Amino acid sequence: MEMDPSEVKKGLYAQVEPYDTGFLKVSDVHTIYYEQSGNPQGHPVVFLHGGPGAGTSPGNRRFFDPEFYRIVLFDQRGAGRSTPHACLEQNTTWDLVADIEKLREHLDIPEWQVFGGSWGSTLALAYSQTHPDKVTGIVLRGIFLLRKKELAWFYEGGAAAIFPDAWEPFRDFIPEEERNCFIAAYSRRLTSSDPTVQIEAAKRWTMWEMMTAHLIQNNDNIKRGEDDKFSLAFARIENHYFVNKGFLPSDSYLLDNVDKIRHIKAFIVQGRYDVCCPMMSAWDLHKVWPEAEFKVVPDAGHSANEVGIAAELRSATEKLRDMLRK
């Protein structure tokens with residue numbers, strides 16, 4: 001259902017600080033950063049960030065009522081404060097699904113709500129379909145199912161029709177003879193033995209996404225694309241997952257396994273003009289999962305921080321809160 005843009009938009013919750021932070025060794029290579037905020041005795045919720053490779057930020061805590069929720073954020077392998085930074089070894093979707101379970105057990109949480117947008121929605125679906133008995137509710141935004149047509153739309157020229165100005169620097173970094181597959185061409189450069197080539201490729205890859213993530217271009221977001229450290233993890237990890245088709249067994253895997261989570265109360269929030277993760281994927285998910293509440297925000301693009309999307313995400317976590325209170 002489409003929302004009326006004239007409806008009063010509620011802002012997010014006030015910023016809260018973590019009451020607990022830590023590092024969890026999840027393999028012989030990787031250690032992940034995690035934090036907890038809100039109510040230590042509250043209903044647990046885990047926030048799954050996007051990218052893959054983007055890491056979390058303090059603002060991610062603000063989608064949840066801090067008096068009701070025990071809010072768990074963590075940086076996925078190679079991202080944010082997790083170490084080693086931008087590392088691709090032992091870094092797959094199923095490694096991350098296992099990490100979420102390790103973190104849940106480490107924090108003595110029997111079950112929790114799962115919240116994720118963009119790549120976070122992909123991971124939320126993969127995790128929930130693997131461990132449905134551990135999930136009390138699901139909130140998804142900017143649906144990304146990692147299908148071939150979604151990657152082709154964003155990285156092989158579809159979205160370029162809407163953002164030709166942002167596309168040119170991304171395209172022009174790659175010689176013409178390699179432009180038949182930009183994901184593969186960028187992979188060669190992002191895994192180059194020359195760190196300067198890696199950094200330049202990473203900034204171009206990251207900038208393309210940062211310039212297309214909002215309905216109205218957001219300068220703060222675009223600045224993230226100029227940060228060498230952020231860009232390197234974001235681009236290397238994203239590209240690694242996309243070259244490997246998300247490590248999913250089949251193109252429609254996440255749609256084919258909806259039956260495993262059909263019984264879980266869920267919300268799907270989608271910006272009508274999302275160019276990064278176009279609405280076709282949210283629509284396809286809605287069609288196979290009509291039980292999930294489906295909200296289309298008519299005046300928004302991809303970012304969770306757009307006013308209409310943020311309001312719907314807060315509303316979803318509040319509805320789940322009110323159901324849990326009963």
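A cavity here is a set of grid points where a 1.4 Å probe fits but cannot get out. By that reckoning, this predicted model holds two cavities of 30 Å³ or more.

## The largest cavity

Let's start inside. The largest cavity has about 90 Å³ of space. Its lining is made up of Gly51, Ser118, Phe144, Glu150, Leu151, Phe154, Tyr155, Glu209, Glu238, Phe242, Cys276 and Cys277. Sorted by class, that gives seven nonpolar, two polar and three charged residues.

Which helix gives the most to this lining? That's α3, with four residues. Two helices, α3 (148-155) and α8 (228-243), each bring at least two residues to the wall of the largest cavity.

## Salt bridges

Side chains of opposite charge can pair when their charged atoms come close. Searching the whole structure turns up 24 salt bridges. Here are three of them, with the distance between the closest N and O atoms.

| Acidic residue | Basic residue | Closest N and O atoms |
|---|---|---|
| Aspartate 65 | Arginine 321 | 2.9 Å |
| Glutamate 291 | Arginine 262 | 3.0 Å |
| Glutamate 293 | Lysine 265 | 3.5 Å |

Take the pair of aspartate 65 and arginine 321, with its 2.9 Å contact. Aspartate 65 sits in the loop between β3 and β4 (69-74), while arginine 321 belongs to helix α11 (residues 307-325), so the salt bridge ties together parts that are 256 residues apart in sequence. Are these two partners buried or exposed? Both aspartate 65 and arginine 321 are buried. The pair also has company: Asp65, Arg321, Asp322 and Arg325 are linked in a network of salt bridges.

Next comes glutamate 291 with arginine 262, whose closest N and O atoms are 3.0 Å apart. Glutamate 291 is in the loop between α10 (279-288) and β8 (293-297), and arginine 262 is in the loop between α9 (253-256) and β7 (266-271), so this pair bridges parts that are 29 residues apart in sequence. Glutamate 291 has 44% relative accessibility, so it counts as partly exposed. Arginine 262 counts as partly exposed too, because its relative accessibility is 27%.

Then there's glutamate 293 with lysine 265, at 3.5 Å between the closest N and O atoms. Here glutamate 293 lies in strand β8 and lysine 265 in the loop between α9 and β7, so the pair ties together parts that are 28 residues apart in sequence. Glutamate 293 is partly exposed because its relative accessibility is 26%. Lysine 265 has 25%, so it also counts as partly exposed.

## Out on the surface

Leu215, Ile216 and Tyr273 make a nonpolar surface patch of about 340 Å². Where does isoleucine 216 sit? You'll find isoleucine 216 in the loop between α6 (195-210) and α7 (219-224). Why does isoleucine 216 count as exposed? Its relative accessibility is 66%, and the cut-off for exposed is over 50%.

One more loop residue is proline 40, in the loop between β2 (31-38) and β3 (43-48). With 38% relative accessibility, proline 40 counts as partly exposed, because that class covers values between the buried limit of under 20% and the exposed limit of over 50%. From proline 40 to arginine 61 it's 21 residues along the sequence and 14 Å in space, C-alpha to C-alpha.

Methods. Residues numbered from 1 in each chain as written. Predicted model: local features only at pLDDT ≥ 70, side-chain atom pairs only at ≥ 80, totals over all residues. Heavy atoms only, no water. Patch = residues over 30% accessible without salt bridge, like charges linked within 9 Å, V, L, I, M, F, W, Y side chains within 5 Å. Areas by Shrake-Rupley, 256 points an atom, 1.4 Å probe, with all protein chains shown as cover. Salt bridge = Lys/Arg side-chain N within 4 Å of Asp/Glu carboxyl O. Buried < 20%, exposed > 50% of the residue type's maximum accessible area, 1.4 Å probe, protein only. 1 Å grid on protein atoms, 1.4 Å probe; cavity = no way out; pocket = protein on both sides within 12 Å on 5 of 7 lines; lining within 4 Å. Points joined across faces, edges and corners; volume = space filled by probe spheres on them. Nonpolar A, V, L, I, M, F, W, Y, C, P; charged D, E, K, R; others polar.
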